[in-house]
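Please look through the model shown here before reading on. The report that follows takes up the symmetry, the contact between chains, the surroundings of the DNA and a few local details.

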2 protein chains.
Amino acid sequence: MPEETNITNSTPLSTDEMKALVVLGRALSDLTRIRILGLLAVRSMYGQELAQALDVAPPTISHHMEPLVSAGLVKIRRENNYRYYELDSEGIERLAESTQQVAKTLFTPEPLPPKSEERARVVATFIRDGRLVTIPAQYKKRRYIMEEIARSFEWGRLYDEKEVNAIMRTFHDDVASLRREMIDQRIMMRENGRYWLVRPHTQG
Amino acid sequence: MPEETNITNSTPLSTDEMKALVVLGRALSDLTRIRILGLLAVRSMYGQELAQALDVAPPTISHHMEPLVSAGLVKIRRENNYRYYELDSEGIERLAESTQQVAKTLFTPEPLPPKSEERARVVATFIRDGRLVTIPAQYKKRRYIMEEIARSFEWGRLYDEKEVNAIMRTFHDDVASLRREMIDQRIMMRENGRYWLVRPHTQG
DNA sequence: TTTCTATTTCTATTAATATGTAATTATACA
DNA sequence: TGTATAATTACATATTAATAGAAATAGAAA
């Protein structure tokens with residue numbers, strides 16, 4: 001079983017970004033609210049109109065407005081006795097942008113750290129005469145080793161599993177663990193039995 | 001009070017699109033699930049790792065995976081006894097695209113219907129010698145009238161409220177109702193007291 | 001001011017959700 | 001084949017959310 005005790009669980013999303021996502025998700029997580037958005041897309045409406053159109057009681061509309069307004073999707077325009085609810089175009093644009101940003105963030109691999117004394121020492125310790133002595137238990141060291149092994153692959157090329165195994169076996173016999181580690185660390189990707197590097201090597 | 005009885009409540013979102021949005025919203029509506037996404041963005045993890053990292057019991061992870069997988073954000077890779085959860089890059093791209101699409105849809109005004117006999121008849125009935133006799137109660141007719149009045153505005157120009165009132169008063173004295181109707185029907189937009197047409201006139 | 005109406009708040013009820021413990025299933029491994 | 005471990009399911013509980021009726025609030029109109 002994998003040894004993971006020393007791994008720090010970092011995340012590319014800040015706490016604030018995560019909370020903002022939850023607020024957005026909550027706003028979208030109910031069909032009545034989505035239907036409200038759909039209706040407001042045609043024209044702004046006031047509460048009783050919405051209640052009648054959706055066949056719910058007026059207090060229900062009021063309650064649903066809270067998450068929609070919190071998420072910045074709807075704004076309220078007061079006119080006489082009425083409150084006209086209308087889509088907040090800026091908010092919805094922000095929503096579209098932010099989800100794209102999050103999607104991008106989630107898939108931006110962490111940058112490779114520069115070559116360092118430490119890295120060289122770790123590599124020298126674990127790789128002797130081109131053979132991996134043992135797979136390091138500590139994440140950071142394992143990371144160095146995996147990046148070193150990745151150098152034996154060519155940027156932009158697709159490899160099938162046999163080729164991957166052949167290359168990895170020059171380092172270590174447990175190629176299954178090495179393969180998994182490459183995927184886990186997002187150094188390589190796999191799809192339909194084909195493997196490839198996620199990004200080019202950074203330093204020669 | 002506005003007369004709305006004859007208005008059909010159409011929406012630019014199909015039922016399927018709405019349901020898909022709800023599924024997505026549900027997936028994002030819980031902080032634990034967002035944190036799972038954040039962790040998986042760094043590397044794929046199996047259940048007990050996630051449980052330990054988030055300080056929850058393993059069944060909780062199992063439960064959270066259902067909405068994440070349903071929404072297409074996470075996929076499961078089985079390896080020995082473990083189940084490695086990993087981000088579904090295609091799913092997340094689809095998510096980003098679809099929210100953008102929805103945002104766009106929500107703000108695409110319904111196309112102006114072509115000039116028709118009926119439209120001409122309605123306009124002739126309600127506008128006599130350049131004066132609006134009365135504001136039609138029926139939505140469709142009101143729509144025709146508003147589009148007719150919109151022709152007196154210039155595409156691409158900003159108007160302040162005084163100018164809007166001056167132009168509208170040539171049609172009818174209740175300029176407040178006309179202004180609101182323009183906004184409601186998304187023929188005009190307003191921001192900081194400035195008004196403008198949402199789109200150009202289609203037919204001369 | 002009084003009245004009327006739209007909206008919100010209060011309160012209650014029901015449904016859904018998040019979470020955990022215990023039991024079950026599934027997969028290696030000895 | 002039995003044992004060990006990971007994951008899921010079953011079950012239970014506590015919390016949150018959705019909804020509506022009743023009461024309170026706010027604004028317009030008479």
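## The axis and the two chains

Of the residues of chain A, A:Gly25 comes closest to the rotation axis, with its C-alpha at 2.0 Å. This is a predicted model, and the axis in question is found by superposing the copies: a turn of 180° with a shift of 0.1 Å along the axis lays chain A on chain B with an RMSD of 0.1 Å. That is the relation of a two-fold axis. Both copies use the same surface, since 100% of the contact residues of chain A recur in chain B.

How many residues of each chain take part in the contact between chain A and chain B? There are 45 residues of chain A in contact with 45 residues of chain B. On the side of chain A that touches chain B, at least two residues each are supplied by α1 (15-28), α2 (31-42), α3, α5 (89-106) and α9 (175-184) of chain A, and the largest share, 9 residues, comes from α5(A). By class, that side of chain A divides into 23 nonpolar, 11 polar and 11 charged residues.

## Around the DNA strands

Near DNA strand C there are 22 surrounding residues, of which A:Tyr46, A:Gly47, A:Pro59, A:Ser62 and B:Thr60 are the closest. The elements that give two or more residues to this surface are α3 (47-54), α4 and β3 (82-87) of chain A, together with α4 of chain B, and α4(A) gives the most, with 4 residues.

Around DNA strand D there are 21 residues, and those that come nearest are A:Val56, A:Thr60, B:Tyr46, B:Gly47 and B:Pro59. Here α4 (58-70) of chain A and three elements of chain B, namely α3 (47-54), α4 (58-70) and β3 (82-87), each supply at least two residues.

The table sets out the classes of residue on the two surfaces.

| Surface | Nonpolar | Polar | Charged |
|---|---|---|---|
| near DNA strand C | 9 residues | 10 residues | 3 residues |
| near DNA strand D | 9 residues | 10 residues | 2 residues |

## Inside chain A

Chain A has 9 helices and 8 strands, and 30% of its 204 residues count as buried. Among the contacts in chain A with a separation of 6 or more, 52% are made by residues 24 or more positions apart.

One pair of helices can be followed in detail. The axes of α2(A) and α4(A) lie 10 Å apart and the helices pack at an angle of about 75°, which makes α2(A) roughly perpendicular to α4(A). In this contact A:Thr32, A:Arg33 and A:Ile36 in α2(A) meet A:His64, A:Pro67 and A:Leu68 in α4(A), and by class the contact has 3 nonpolar, 2 polar and 1 charged residues. It helps to recall that an α-helix has 3.6 residues a turn, so residues three or four places apart point the same way.

In α9(A), the residues A:Leu178, A:Glu181, A:Met182 and A:Ile183 are buried, and this helix is followed by A:Arg186, whose phi is positive, near 60°.

Is A:Gly130 buried or exposed? A:Gly130 is found in the loop between β4 (127-128) and β5 (131-132) of chain A, and it is exposed, because only 12 or fewer other C-beta atoms within 10 Å are allowed for that class and A:Gly130 has 8. Although A:Gly130 and A:Phe171 are 41 residues apart in sequence, their C-alpha atoms are 6.2 Å apart in space.

Key: Residues numbered from 1 in each chain as written. Chains lettered and ligands numbered in written order. Predicted model: local features only at pLDDT ≥ 70, side-chain atom pairs only at ≥ 80, totals over all residues. Near = placed C-beta within 6 Å. Nonpolar A, V, L, I, M, F, W, Y, C, P; charged D, E, K, R; others polar. Least-squares fit on C-alpha atoms with pLDDT ≥ 70 in both. Contact = placed C-beta atoms within 7 Å. Buried ≥ 20, exposed ≤ 12 C-beta atoms within 10 Å, placed from the backbone. Axes fitted to C-alpha atoms, helices over the stretch in contact; angles between N-to-C directions. Parallel < 35°, antiparallel > 145°, perpendicular 65-115°, else oblique.
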